There are 2 protein chains.
Amino acid sequence: MKVLPGDQATVSASAEEDFQSAEVWDKVSGKTVYGIDLRLPGMLAGKILRSPHAHARIKSIDITGALKLPGVRAVLTGADMKQKPYGIVVKDELPLAVDTVRYIGDEVAAVAAVDEETARRAVEAIRVEYEPLAAVYDPEEALQAGAPQLHGDFPGNLAWERLLERGDVAKGFAEADVVVEETFTTRAINHAYLEPISCIASVDSYQGLTLYTALQSPHIVRNLLAETLDLPPSRVRIVGPAMGGGFGGRVFGNLKVYLLSALLAMRTGAPVKIRLTREEEFIAGRPMVPVIFKVKMGVRRDGTITARESDILVDNGAYSAQGPWVAKTISERNDSLYRIPHIRTRVRLAYTNKVPTGQLRAYGNQTANYAYETLLDMAARKLGMDPLELRLKNCVGPGDITVHGLEIKSCNLAQCFKTAAAAVGWDQKKPGRGYGISGAIHANGSVVAHKDFRGAAAVVRLEEDGKFTIFTGEQDYGQGTHAVFAQIAARVLNVSPQDITVCSKDTAVIPYSQGAFAMRQTTIGGHAVRLAAEDLKQKMAGLAAELLGAEAELSGGVFRTPDGAELPLPEIAYHWRCRHNGLAMTGEGNYNPPGSAYDSTGYGNIAVTYSFAAHAAEVEVDPQTGALTIHKIVAVHDSGKIINYTASLGQVFGGVTQGLGYSCFEGYLFDGGQVLNPNFATYQLPTALDVPPIEPLFIDSEDPEGPFGAKGLGEIVQVPLLGALSCAVADAIGAPVTSLPMTAEKIYWAAAGKECLE
Amino acid sequence: MKVLPGDQATVSASAEEDFQSAEVWDKVSGKTVYGIDLRLPGMLAGKILRSPHAHARIKSIDITGALKLPGVRAVLTGADMKQKPYGIVVKDELPLAVDTVRYIGDEVAAVAAVDEETARRAVEAIRVEYEPLAAVYDPEEALQAGAPQLHGDFPGNLAWERLLERGDVAKGFAEADVVVEETFTTRAINHAYLEPISCIASVDSYQGLTLYTALQSPHIVRNLLAETLDLPPSRVRIVGPAMGGGFGGRVFGNLKVYLLSALLAMRTGAPVKIRLTREEEFIAGRPMVPVIFKVKMGVRRDGTITARESDILVDNGAYSAQGPWVAKTISERNDSLYRIPHIRTRVRLAYTNKVPTGQLRAYGNQTANYAYETLLDMAARKLGMDPLELRLKNCVGPGDITVHGLEIKSCNLAQCFKTAAAAVGWDQKKPGRGYGISGAIHANGSVVAHKDFRGAAAVVRLEEDGKFTIFTGEQDYGQGTHAVFAQIAARVLNVSPQDITVCSKDTAVIPYSQGAFAMRQTTIGGHAVRLAAEDLKQKMAGLAAELLGAEAELSGGVFRTPDGAELPLPEIAYHWRCRHNGLAMTGEGNYNPPGSAYDSTGYGNIAVTYSFAAHAAEVEVDPQTGALTIHKIVAVHDSGKIINYTASLGQVFGGVTQGLGYSCFEGYLFDGGQVLNPNFATYQLPTALDVPPIEPLFIDSEDPEGPFGAKGLGEIVQVPLLGALSCAVADAIGAPVTSLPMTAEKIYWAAAGKECLE
């Protein structure tokens with residue numbers, strides 16, 4: 001088993017190849033055009049009036065003052081439109097609030113004007129009379145009898161719940177020698193992408209709608225918007241400029257922004273651009289859900305985990321967004337990391353009068369990692385067992401079918417643990433320092449997410465100059481999908497990736513696709529690209545054999561027969577185009593990943609394959625202040641064969657740093673329903689100076705289903721970091737910090753055995 | 001034989017259908033975005049320094065003053081770049097002049113600056129030292145020994161020449177009873193599209209070039225630019241906004257503008273927009289060539305034409321552009337209108353120190369029509385024969401192979417003549433009025449234009465909502481190609497054209513195509529669309545039969561079995577996409593029109609089919625002033641089955657009006673090499689008040705090759721008008737006006753039998 005770096009086990013021909021693309025250089029040289037920079041001729045500026053109340057009845061809205069302002073073209077309110085409820089999982093939102101507002105930031109009216117300043121003044125000129133209602137901010141209080149109610153369709157403020165039972169937890173706990181339990185809490189965290197969401201909506205005379213906005217899943221959003229706006233899906237086109245960061249926040253992006261810019265464009269007939277301010281991103285985005293974990297685990301003296309019981313309460317905020325899906329992942333994914341025979345998990349999602357929440361990179365698997373891995377170390381301490389040994393004793397391996405039905409094929413989890421431990425110096429621990437290690441499993445795509453379109457498709461076109469274009473609906477938003485797809489096709493076609501362009505940004509052109517989430521780009525999208533390139537290669541070889549009169553091999557852009565006759569690719573292209581009067585030669589590939597949907601109990605092998613990882617941390621805590629110094633992070637990944645080593649390093653450095661923010665820096669602060677830190681001055685992100693030494697290592701494995709053996713990496717990079725850091729801190733101070741972020745103050749009081757009042 | 005209007009022999013379901021498209025309504029409501037309105041983030045403005053001399057040596061160029069201006073980003077001169085000669089037919093141009101300028105307007109330097117005003121000031125700050133050279137402005141003088149020479153590669157200023165001989169003209173003239181001869185001259189005329197040409201060029205970090213500019217033939221221009229800029233063709237992408245008029249002037253557009261904006265973008269790294277002023281359009285566009293026709297014809301007493309001899313001199317201006325191709329059409333197309341056994345035509349193209357010329361709608365067939373049809377009426381007068389009878393005696397008909405090899409299949413030329421004569425009141429001529437009639441033949445596409453890609457291709461995609469998208473490289477620039485293609489596909493697919501979107505504006509997406517010229521859109525492009533729709537229909541029917549368990553008929557968007565089982569199109573689309581993991585169902589069509597290239601003598605059946613027309617005019621001349629009143633124009637067309645009657649009316653009204661401008665209003669005026677009327681204030685276009693009553697009539701014919709029997713119309717609409725008007729004026733005053741435009745002054749002096757000094 002080799003470990004990268006140090007060998008050349010990547011798929012790419014060279015490290016230089018990894019970042020040789022115009023896209024990369026455009027970014028670093030400032031050429032890239034992001035949505036926020038775009039303008040259309042005759043474009044209006046849109047602005048949104050938001051509720052100042054966490055919960056209130058709207059008694060009246062007076063827009064006459066706004067309409068009188070010169071330059072104002074339209075003022076929309078919920079009452080003056082036919083609105084359809086919409087939502088990603090449940091339809092609990094309207095484009096504009098009618099009657100009731102449910103959080104501070106709720107969209108009440110929208111304005112289009114000739115410029116942003118006029119639109120802002122128009123928003124200020126709208127007079128709304130509210131009747132404040134009792135509000136609830138705490139998810140536990142929200143579920144109690146007598147709490148203020150947010151949605152009539154969801155009595156008791158219960159947005160979603162599930163009880164997941166495998167085996168017999170009572171039996172499991174009876175078999176345990178040691179039982180540990182704890183309550184962990186996490187905060188809402190923001191995606192904090194550098195470019196706030198913007199959208200230009202443009203309508204033609206037949207209400208054909210074009211949106212210029214960057215999305216991770218443009219087709220899925222297109223369908224959702226078409227349904228909400230009562231338009232045929234093919235009349236909604238989404239064109240994506242470059243994306244200034246996504247991290248899951250742009251899978252669905254900000255649907256209100258798209259809907260309101262579209263509605264303003266339909267009303268005015270002119271293109272309308274809405275761009276969120278940073279404050280709006282914080283107060284009306286869809287940050288990662290806050291969670292309360294009450295967890296309990298039984299372990300035998302030999303380290304065998306016998307049972308785990310969890311009561312998980314997820315704070316949904318005022319509307320659901322992806323809440324139910326995130327709650328599902330949080331409540332089940334970590335169960336498949338270790339062999340746990342008896343599991344009982346109740347998860348509830350509660351409405352509160354706060355910012356509606358969503359998901360962030362890894363869908364809460366990292367959040368659960370924090371809770372469960374910290375709990376595991378509590379068990380190790382109680383058993384007097386090495387936490388690494390405890391993990392190796394229980395971790396899943398190849399051939400396992402996990403407790404929820406995941407079928408583990410390629411899996412080097414144990415090697416990840418061992419490699420991480422060796423690299424962090426697990427056997428030569430330094431005195432005064434704390435060490436933590438944590439593992440992770442994460443799905444590559446999900447056959448249940450959009451069941452009828454679980455796969456991916458790609459078209460590869462031979463250009464007349466012998467270069468190639470890949471058409472795919474999968475999205476590059478900085479993670480390197482385009483580079484990876486070019487490398488996959490280049491390997492099939494035996495050319496340089498520089499000769500391959502990837503086209504993915506326009507729903508009118510690309511194959512229908514799920515887009516970029518759940519680590520499906522490389523494994524599933526890349527598989528389709530490989531098949532398309534192989535299809536094209538076969539077609540080219542057929543024509544080459546016909547024209548050369550003998551079978552020929554493709555190398556360096558030229559087909560050669562054993563006799564030395566040659567036919568370069570441009571001639572293949574030219575012959576085909578002449579024969580077909582302008583149609584280019586194309587190869588098609590589409591890939592349907594194996595896997596099975598959940599059964600009624602939530603059991604099923606929901607992904608084609610799974611990626612694994614182990615992170616280890618070496619930390620030091622200042623006993624006087626609780627200040628944390630992170631001496632080293634080791635991040636070991638089993639993501640199959642690495643295709644683009646440079647981009648993979650980028651994922652690891654970025655994911656670890658984002659996980660560091662989640663663990664130690666970030667978190668929404670509320671006063672009731674009011675966000676107290678809605679900007680980068682007060683919401684603490686780790687800066688370059690906060691980033692510890694990170695050692696990224698890749699296990700040289702090969703997945704039978706992944707293209708050239710590759711598996712996903714983009715989400716799992718963050719998952720084990722949370723557990724590793726938390727375990728390292730607990731190791732340093734002898735007690736867990738039971739809420740995120742682990743600030744110095746919390747660490748200090750945890751070390752002192754006292755609760756830290758937030 | 002039916003004549004439209006009055007019956008419903010069009011292919012479209014209703015007149016309402018013809019203009020029901022978002023594109024049409026976007027135009028009339030001002031929503032359409034033209035290139036001139038576009039901006040990209042960070043865009044610079046480009047401006048061109050032009051020669052003030054008709055012919056001069058460049059001694060030095062000092063750009064230091066320009067470079068010092070704040071906001072100037074680049075100043076390009078020919079000397080500081082590696083330049084490749086380029087040209088459409090012959091490579092006689094460079095992006096920027098080196099050493100020599102050859103006309104007033106020749107491009108000497110190009111500037112990119114932060115805004116247009118700064119760019120303009122920078123252009124003014126460039127100091128060029130010229131050494132004036134002797135210049136030649138008259139094409140006859142240019143060909144004389146000792147004339148100033150423009151291009152070393154073309155001694156004697158002869159850009160191109162051809163002697164075309166069929167039969168034996170000496171024998172033909174010997175058989176003639178009457179011989180007529182005359183010299184006719186025409187002026188350069190401007191396309192006068194409302195939107196001047198503009199182009200934004202943007203380069204990525206790997207010199208991938210994207211141009212935002214509207215072109216009739218984007219792929220052909222793309223290849224030409226790629227070759228000139230030493231880029232692989234697939235790295236040059238042309239994206240077309242809506243086009244504010246083309247009329248042939250945007251087949252190749254203004255190559256200098258594209259090259260210079262690209263070179264400035266490459267130099268600066270920023271997007272650069274050059275937009276021509278109206279004056280630049282006049283002095284540095286590629287207006288229609290001026291021509292001198294010396295023509296002679298022999299006719300028997302019974303009206304049989306026995307021979308025709310022509311000496312045609314075409315003024316090429318300083319560079320060739322499409323000059324040779326236009327000269328070719330001028331010198332041969334009209335020969336195939338009548339049965340002329342003996343023909344001898346010498347055509348020469350001469351360089352002069354004036355605006356380089358090109359072609360305009362119909363490639364000079366209309367110019368020749370003026371000369372030859374006027375000459376025909378001179379023969380009729382000399383014979384004392386009815387000009388209509390003379391034409392009917394000689395005109396070609398179905399089954400003919402013309403003197404140059406054109407194979408006439410569907411042809412209603414005689415019916416066009418008779419219908420036009422009847423409608424203009426040929427048999428009840430009013431006293432004091434002049435009557436003229438003229439015919440035309442025009443090719444539908446040309447197999448010789450770009451011989452390897454003579455056909456067209458299309459892809460029709462089934463959208464998931466049961467609507468359709470056509471991908472085509474053929475271009476709609478206002479003439480209605482999109483509407484016609486939607487109607488063709490709609491008829492095959494049995495849906496409304498409103499359910500069909502046409503995508504044609506992006507070379508990265510569309511099939512390779514020749515584009516919009518030579519009346520090839522409907523006949524050739526439309527044929528490919530029909531085939532693609534039929535291919536798709538067959539695929540849909542196959543899946544429907546499989547899913548329904550029985551053969552089913554498609555009607556109104558639903559497949560129905562004889563038993564009444566139904567499957568709507570969205571379900572077909574959905575099943576296909578699920579089976580193919582996101583790939584849509586598509587139909588492909590490609591069409592290779594029959595025809596044969598020219599042989600070495602210029603003989604060949606160069607088009608799949610030919611359109612025919614006859615126009616008739618009723619005019620009155622004020623004997624005191626020569627002022628012309630046009631009482632009526634009848635325009636009768638055999639364009640096969642009419643697909644979109646409304647768009648066809650638009651073509652006739654527009655083409656006749658443009659022909660009226662050519663005949664009676666327009667024309668470049670020069671003082672030496674200086675254009676005297678380079679704007680709409682001094683260059684006279686006909687206005688709405690100048691347009692006479694026009695009666696458009698369509699012969700209800702059907703071409704075996706055209707889609708649903710259709711043939712082309714867009715160019716021929718202008719052709720016979722020139723002859724008809726000239727003949728009517730000659731009929732009114734008893735003598736021909738031998739130069740265009742036929743101003744009142746010229747008519748007055750022609751009536752007086754004297755030459756009019758221009």
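Two residues are taken to be in contact if their C-beta atoms, placed from the backbone, lie within 7 Å. With that in hand, here is how this predicted model fits together, from the domains of one chain out to the pair of chains.

Chain A splits into three domains. Domain 1 is pieced together from 35–133, 196–242 and 250–284, domain 2 from 291–448 and 599–751, and domain 3 is the single stretch 455–591. Between the C-alpha centres of domain 1 and domain 3 of chain A there are 40 Å, yet the two domains do touch: 13 residues of domain 1 of chain A are in contact with 13 residues of domain 3 of chain A. On the domain 1 side, two elements of chain A give two or more residues each, namely helix H7 (218–229) and strand S12. H7(A) provides the largest share, with four residues. Sorted by class, this side of domain 1 of chain A comes out as six nonpolar, four polar and three charged residues.

Strand S12 also turns up in a sheet of chain A. This is an open, seven-stranded sheet with mixed pairing, and its strands follow the order S4-S6-S2-S13-S10-S11-S12. S4 (72–77) and S12 (236–239) of chain A are the edge strands, each pairing on one side only. From one strand to the next, the twist averages 25°. At the S4 edge, S4(A) runs antiparallel to strand S6 (residues 107–113) of chain A, and five bridges hold the two together. Within this part of the sheet, Val75(A) sits opposite Val111(A) of S6(A).

A helix packs over much of this arrangement. Helix H8 (residues 255–268) of chain A lies across S2 (44–50), S4, S6, S10 (198–203), S11 (209–212) and S13 (272–275) of chain A. Relative to S10(A), H8(A) runs at about 30°.

Now for the two chains together. Contacts between them involve 46 residues of chain B and 47 residues of chain A. On the chain B side, helix H2 (22–28), strand S18 (456–462), helix H16 (569–579) and strand S24 (586–591) each chip in at least two residues. The class breakdown for that side of chain B is 21 nonpolar, 13 polar and 12 charged.

How are the two copies related? Chain B drops onto chain A after a rotation of 180°, with 0.0 Å of shift along the axis and an RMSD of 0.0 Å. The chains are therefore related as by a two-fold axis. Both copies use the same surface, since 100% of the contact residues of chain B recur in chain A.

Technical notes
Residues are numbered from 1 along each chain as its sequence is written. Chains are lettered from A and ligands numbered from 1 in the order in which they are written. This is a predicted model: local features need pLDDT of at least 70, side-chain atom pairs count only at pLDDT 80 or more; totals for chains, interfaces and linings use all residues. Two strands pair if DSSP finds at least two bridges between them. Axes are lines fitted to C-alpha atoms, for helices over the stretch in contact, and angles run from 0 to 180 degrees between N-to-C directions. Ala, Val, Leu, Ile, Met, Phe, Trp, Tyr, Cys and Pro count as nonpolar, Asp, Glu, Lys and Arg as charged, and the others, Gly among them, as polar. Copies are superposed by least squares on the C-alpha atoms of residues with pLDDT of at least 70 in both. Domain bounds come from an automatic or database domain assignment.
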